[in-house]
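User: Please take me through the packing here. I will ask short questions.

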Amino acid sequence: MLTWVRPRYAKRRPKARLVRLLAAMFPYDMTCLMDAGRVFGVQRALGALRLPGGYVAQHAGLRERVREAVGTAETIEEAVDQSIFCWFLWQTKVERADDGAVALPSPLREANDLPALSLLPANAQRRALAAVKDNVSLLVAMVREAEQGIAREDLIDVILAEASQLNASSAPNMISQAMGGLGLIRLEGGSYRPTERGQELLIASDPVQVLQAPLVGRVFGMGHLLLMVGRKPGALRHSEAAKHLQDLVPTWKTTLPGSHIVSWARLVSLGV
């Protein structure tokens, strides 16, 4: 369906609209959760069965889990209530801002596919984040190896095996990226283990969707870049954007940090 309508009829991928249509057509099988982050978050909270396919395929498993708990909907009105109940679970039991961050709720009253976003204070945000070759797949590999707990030396070995362009001195930067930069792993009892966001990264059909919100909320400059792109859609060159970002931080003597930010925005499809 997306292939039929984009790009001929729509510049953006109208996923939320398609989910709304499916929810109207199949009110007993769909929820009103519009994006992968919310779907996988509620799925994890409910312990619902993971089904083959992407996040839209998981709606049926969520509804089955709700039916197990509250019973089968006898009317269309009850079915809609159970669909809305999944959104209620997201808002009250799953959605959580990063520690010290300011949550930014959507001003829209209707369900939407905008990722949940919380902003760390500017002085707590990461100043740039290096982008390396196959960065997203490297992060997924790191988090996967940390599922049962992994020592620092072993995690460095994983990084070196997955990213041959890195060396023993640069590999620790990737641990810092996954830990303090994006909040995917944490140090617990001497071992690195996935955070809730890290677990979400592993089960998401498209990991970049999980990385969008932390990149905007935790990395200084990403929000500024998106504002620039909004003012000049399609007209901002990579080098020009990197120079504008350099001007924001007096200690940046080159455009490299800004260039990394632009590269990350492209890696996770933030419209740059």
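Analyst: First, a definition. A nonpolar core is a set of buried Ala, Val, Leu, Ile, Met, Phe, Trp, Tyr and Cys residues joined through side-chain atoms within 4.5 Å; buried means under 20% relative accessible area with a 1.4 Å probe, protein chains only. The model is predicted: local features need pLDDT of at least 70, side-chain atom pairs 80 or more, while totals for chains, interfaces and linings use all residues. Numbering starts from 1 along each chain as its sequence is written, and side-chain values use heavy atoms, without hydrogens and water.

User: Which helix gives the largest share of the largest nonpolar core?

Analyst: That core has 70 residues. Met142, Ile159 and Trp264 are among those with the most contacts inside it. Helices are DSSP runs (H or I, at least four residues), numbered from the N terminus. The largest share, six residues, comes from helix α6 (residues 135-145).

User: How are α3 and α5 oriented where they pack?

Analyst: Axes are lines fitted to C-alpha atoms over the stretch in contact (heavy atoms within 4.5 Å), and angles run from 0 to 180 degrees between N-to-C directions. Helix α3 (residues 36-46) and helix α5 (residues 76-94) pack at about 75°, axes 10 Å apart. Because 65 to 115 degrees counts as roughly perpendicular, α3 is roughly perpendicular to α5.

User: Which residues of α4 are buried?

Analyst: Helix α4 spans residues 59-70. Its buried residues are covered by elements including α2 (15-25), α3 and α5. They are His59, Gly61, Leu62, Arg63, Val66 and Arg67.

Note on methods:
Buried < 20%, exposed > 50% of the residue type's maximum accessible area, 1.4 Å probe, protein only. Helix = DSSP H or I, 4+ residues; strand = E, 2+ residues; numbered from the N terminus. Parallel < 35°, antiparallel > 145°, perpendicular 65-115°, else oblique. Expected span 1.5 Å × (residues − 1).
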